[in-house]
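This report goes through a protein chain from its overall form to a few single residues. Please look over the sequence and the structure before reading on.

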Amino acid sequence: MPRLKLTLAYVGTAYSGWQIQEKPSPPLTVQGELERALAIVCGRAVRVFGAGRTDAGAHAEGQVAHCDVPALRAVNWRAALNVKLPPDIRVLDAREVADRFHACFDARKKIYRYDLWFSRRVVPPRLHPFVWDCGSLNLPQLEAALPLLTGMHDFKSFQNRGTAVRDTVRTVLSLTAAYPAEFGGEVLSLHVEADGFLKQMARNMTGLLVAVGQGKFDPARIPALLAAHERAQGPPTAPAHGLTLVSVDYGGNDACPV
């Protein structure tokens, strides 16, 4: 069967995350909606595998998934799936790849963005589902803490319970702050690029940085927090709705010939 690589964007507000939940009355999930659309187009059930499990309420601009589909006549998969999907989920690209490609296991790095509304002004309603209204921040102090979280570390102190992993060491390749011009300097966008992320690691990093910017956490304590390997010692997790999965990189492994 042909294997498809799908690149997706979605607004996660209405969904209980990416992953299907095996319950008697399962909630809406992005994976579930995508599999429903594929079943209609293919005439049979199709299992989808995602690059990562975005949380309930989190968004994506470049989530990647793969699936094996029946060998049908020529199908414009992007158009066919978007007709069946709700408007807050879109297939941006669909292409056939080699059957050895795996959306999760072949990923080399991911980029997440977290958007913070730090202005004293009220959040515009159009932005409310996409930013954390965290209040005033000491921006120079927050930015000075960014290098302390970059590089290779054991990020167990930034992992929430729920997913068993054998290794909690990850490499944060870059962690930067930007102030998008379209938001008039009232939004701080944190971009974090890493070779992998633990459960809610990006949100926990953001929660820590906000606590630093609010003067509630001394950045000098960050090395000790990393060394503690204990999540309970860190600040609260940032809410999911400010988080967006920007892209997944495969280092060319997704371009292998069919």
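Helices and strands here are DSSP runs, helices of at least four residues and strands of at least two, numbered from the N terminus. The model is predicted.

## Overall form

The protein chain contains 5 helices and 10 strands. Its radius of gyration is 19 Å, close to the 18 Å that the globule rule gives for 258 residues, so the chain is as compact as a globular protein of that length. Along the principal axes, the C-alpha atoms fill a box of roughly 60 × 40 × 40 Å.

Among contacts with a separation of 6 or more, 72% join residues 24 or more positions apart.

## Surface and charge

Buried residues make up 50% of the 258 in the chain. The exposed area is about 12,400 Å², and carbon and sulfur atoms supply 53% of it.

The chain has 29 positive and 24 negative charges, and the mean positions of the two sets are 4 Å apart.

## Nonpolar cores

In soluble globular proteins, nonpolar side chains tend to be buried together. In this model the largest nonpolar core has 68 residues, and Leu34, Leu38, Leu116 and Phe158 have the most contacts inside it. Helix α4 (residues 201-213) gives the largest share of this core, 8 residues. Apart from it lies another core, of 5 residues, including Trp117, Val123, Leu127 and Val187.

Leaving out residues up to four places away in sequence, Phe158 touches ten listed side partners, among them Leu149, Met201, Met205, Leu208, Leu225 and Leu226. Lys199, Gln200, Asn204 and Arg231 also touch Phe158.

## Valine 169

Valine 169 lies in strand β8 (residues 169-178). With 32% relative accessibility, Val169 counts as partly exposed, because that class runs between the buried limit of 20% and the exposed limit of 50%. Beyond its neighbours within four places in sequence, Val169 is in contact with Met152, His153 and Asp154. Aspartate 195 is 26 residues from Val169 in sequence, and their C-alpha atoms are 9.9 Å apart.

## Two residues with positive phi

Most residues other than glycine have a negative phi. Glutamine 200 is not a glycine, yet its phi is positive, about 60°. Gln200 sits in the loop between β9 (187-194) and α4, and is one of the residues that touch Phe158.

Histidine 229, also not a glycine, has a positive phi of about 55°. His229 belongs to the loop between α5 (222-228) and β10 (243-249). Its relative accessible area is 36%, so His229 is partly exposed.

Methods
Residues are numbered from 1 along each chain as its sequence is written. This is a predicted model: local features need pLDDT of at least 70, side-chain atom pairs count only at pLDDT 80 or more; totals for chains, interfaces and linings use all residues. Side-chain values use heavy atoms; hydrogens and water are left out. The radius of gyration is taken over C-alpha atoms; the globule rule is 2.2 Å times the number of residues to the power 0.38. Buried means under 20% relative accessible area, exposed over 50%, partly exposed in between (1.4 Å probe, protein chains only). Contact means heavy atoms within 4.5 Å. Accessible areas come from the Shrake-Rupley method with a 1.4 Å probe; for residues, only the protein chains shown count as cover. Lys and Arg count as positive and Asp and Glu as negative; His and the chain ends are not counted. The place of a charge is taken as NZ of Lys, CZ of Arg, CG of Asp or CD of Glu. A nonpolar core is a set of buried Ala, Val, Leu, Ile, Met, Phe, Trp, Tyr and Cys residues joined through side-chain atoms within 4.5 Å.
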